[in-house]
Amino acid sequence: MTKREQRLDALADALAGIRRGLVVCGRLDSGADARAALRLTEALDWPLVPDATARLRLAAEGSTAGPAAPYADLVLASGAFREACAPEAVIHLGGRTVSKRLRLFLKKHRPAPCVVARPDARRLDPDHRVSDHVETDVAPFCNALIERLDAPAEREGDDWGRSWKRANAAVARVLDDFAAGADGLSEPLVARLVSRHRPPGGAFVLGSSMPVRDFNRYARPDADTGDAPRTPVFANRGASGIDGTVATAAGVCTGRCEIAPEGDQQRPVTLLLGDLAVLHDLGALALLRERPVTVVALNNGGGGIFHFLPIAEREEVFEPHFTTPHERSFEQAAAMFDLPYERPTTPEAFTAAYRERSRSGAPALIEVRTDRRENRALHERLESRCRSG
Ligand SMILES: Cc1ncc(C[n+]2csc(CCOP(=O)(O)OP(=O)(O)O)c2C)c(N)n1
Ligand SMILES: [Mg+2]
């Protein structure tokens with residue numbers, strides 16, 4: 001028996017009988033990895049928490065093998081839930097996750113075993129909680145573990161998986177109500193609308209700071225475009241830089257990967273990013289000329305993310321030194337690079353513009369104006385509604 005086999009046997013033994021486990025999926029690089037992650041979740045009969053970059057975040061939730069908690073970040077806003085639903089074990093597949101709340105939740109409860117399996121020798125363990133780091137491709141790891149697992153036993157009154165699904169469904173209701181009742185555009189709503197109305201066969205590139213977090217929190221899981229669980233979602237999660245985001249979208253559009261559309265066709269890409277990230281990579285708009293990238297620029301006139309930090313209370317230094325305020329619009333930048341430009345102000349107008357542009361086979365820039373202070377207040381209102389479910 002090889003060392004690897006021994007290790008897998010030992011892991012399967014350690015997991016046997018653990019009921020309160022979680023599968024967490026960070027960035028997964030292929031549809032095959034995503035499908036294997038779903039199969040492992042089913043074999044363990046544990047809830048699955050998918051990150052925005054896991055290709056599973058948009059899959060239908062709650063079905064037998066679907067992710068139980070795509071809204072995990074908001075589910076975990078509830079202190080009562082965090083206390084009642086602490087996991088005893090975690091299997092983390094793939095790269096880093098976006099949700100800070102998830103990280104803090106796992107840090108606090110220190111589930112063991114806590115296994116990270118990914119094709120990277122570097123440790124992924126900022127809180128020193130990982131018991132096993134397995135350097136492996138994700139799909140073969142899942143398959144090898146599945147072979148070693150016994151069928152999960154039926155347990156009476158077993159509420160573990162159901163608790164996660166119930167909490168997730170409560171968040172889904174809050175967000176559906178919010179989206180149905182919204183008459184203006186906001187950053188959470190736009191994240192939801194692009195996930196809901198994405199073109200078939202497309203991919204997402206999400207800017208650092210709020211867009212990737214908003215997509216992780218508010219994107220609406222569904223199955224009706226028929227491409228779940230394969231919608232690739234890219235974000236720069238290393239140093240979370242805001243540089244090079246536009247160029248990344250150009251690369252994703254033409255780059256070869258296993259979900260590339262037929263023949264020479266390019267993949268439609270939705271690039272959701274903030275105004276400073278656009279300004280940082282303005283020159284790369286020239287790359288979009290021949291590429292079907294729909295740029296959705298959330299223009300809140302500076303760094304909206306900083307409003308969520310304690311420094312936001314210090315008015316005398318906050319605006320001049322942290323948010324990089326500006327009053328630019330992207331209309332002329334779009335004109336300079338021959339990109340059709342739209343600036344919708346209602347959810348209906350945004351949806352119509354986004355659906356048309358993202359399916360046109362050509363690039364476009366859609367600018368959405370928001371207010372940073374109102375954005376923070378809206379996030380807090382939504383979190384508080386999710387908490388009281
Ligand atoms: C290359 C680089 N420079 C600076 C930063 C620090 N930084 C993090 S978030 C942010 C603001 C981003 O603003 P914007 O793109 O408008 O997104 P928002 O925060 O408004 O969602 C900055 C400057 C960074 N992450 N990367
Ligand atoms: Mg901004």
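## Exercises on two parallel sheets

In strand E2, Val-49 is the bridge partner of Val-24. Helices (H or I, at least four residues) and strands (E, at least two) are DSSP runs, numbered from the N terminus; two strands pair if DSSP finds at least two bridges between them. The model is a predicted one, in which local features need pLDDT of at least 70, side-chain atom pairs count only at pLDDT 80 or more, and totals for chains, interfaces and linings use all residues. Residues are numbered from 1 along each chain as its sequence is written, while chains are lettered from A and ligands numbered from 1 in the order in which they are written.

### Exercise: the sheet that contains E1

Task. Determine the order of the strands in the sheet of 5 strands, and state which strands are at its edges.

Solution.
- Begin with E1 (residues 21-25), which is joined to E2 by 3 bridges and runs parallel to it. One pair in this ladder is Val-23 with Leu-48 of E2.
- Turn to E3, which is joined to E1 by 5 bridges, again in parallel. Here Leu-22 has Val-90 of E3 as its bridge partner.
- The complete order is E2-E1-E3-E4-E5, an open sheet with parallel pairing. Strand E2 (48-50) and strand E5 (132-135) are the edge strands, each pairing on one side only.
- On average, neighbouring strands of this sheet are turned by 15 degrees against each other, direction ignored. Axes are lines fitted to C-alpha atoms, for helices over the stretch in contact, and angles run from 0 to 180 degrees between N-to-C directions.
- Helix H2 (residues 31-44) packs on the sheet and touches E1, E2 and strand E3 (89-93); the direction of H2 makes about 175 degrees with that of E1. Contact requires that the C-beta atoms of two residues, placed from the backbone, lie within 7 Å.

Task. Establish how many residues of E1 are buried, and which way they point.

Solution.
- Apply the criterion: a residue is buried if 20 or more other C-beta atoms lie within 10 Å of its own, exposed if 12 or fewer, and partly exposed in between, with C-beta atoms placed from the backbone.
- By this count 5 of the 5 residues of E1 are buried.
- Gly-21, Val-23 and Cys-25 point one way, and Leu-22 and Val-24 the other way.

### Exercise: the sheet that contains E6

Task. Find the strand order of the sheet of 6 strands, and explain why one side of E7 has no neighbour in the sheet.

Solution.
- E6 is joined to E8 by 4 parallel bridges, and Leu-206 stands opposite Leu-272 in E8.
- E6 also pairs with E7 in the parallel sense, over 3 bridges; Val-205 stands opposite Phe-234 in E7.
- E8 continues to E9 through 6 bridges, in parallel, with Thr-270 partnered by Thr-294 of E9.
- The order is E7-E6-E8-E9-E11-E10, an open sheet with parallel pairing. E7 and strand E10 (341-342) stand at the edges with a single partner strand each, so one side of each lacks a neighbour in the sheet.

Task. Identify which residues of E6 are buried on its two faces, and which helices lie across this sheet's strands.

Solution.
- Ala-203 and Val-205 are buried on one side of E6, and Phe-204 and Leu-206 on the other.
- Helix H9 (residues 210-218) lies across E6, E7, E8 and E9, running at about 120 degrees to E8. Because 9 of the 9 residues of H9 are buried, this helix is largely enclosed by the rest of the structure.
- Helix H14 (residues 347-358) lies across E8, E9, E10 and strand E11 (364-369), at about 160 degrees to E11.
- Helix H10 (residues 245-254) has 7 of its 10 residues buried, so H10 too is largely enclosed. The cover over its buried residues includes strand E6 (203-206), strand E7 (233-235), strand E8 (269-274), H11 and strand E9 (293-299).

### Exercise: the shell of ligand 1

Task. Describe which residues come nearest to ligand 1 and how the shell divides by class.

Solution.
- A residue is near a molecule or strand if its C-beta atom, placed from the backbone, lies within 6 Å of it. Of the 16 residues around ligand 1, Ser-209, Met-210, Gly-274, Gly-303 and Gly-304 come nearest.
- Helix H11 (residues 275-280) gives the largest share of the shell, 3 residues.
- The classes are 5 nonpolar, 9 polar and 2 charged residues. Ala, Val, Leu, Ile, Met, Phe, Trp, Tyr, Cys and Pro count as nonpolar, Asp, Glu, Lys and Arg as charged, and the others, Gly among them, as polar.
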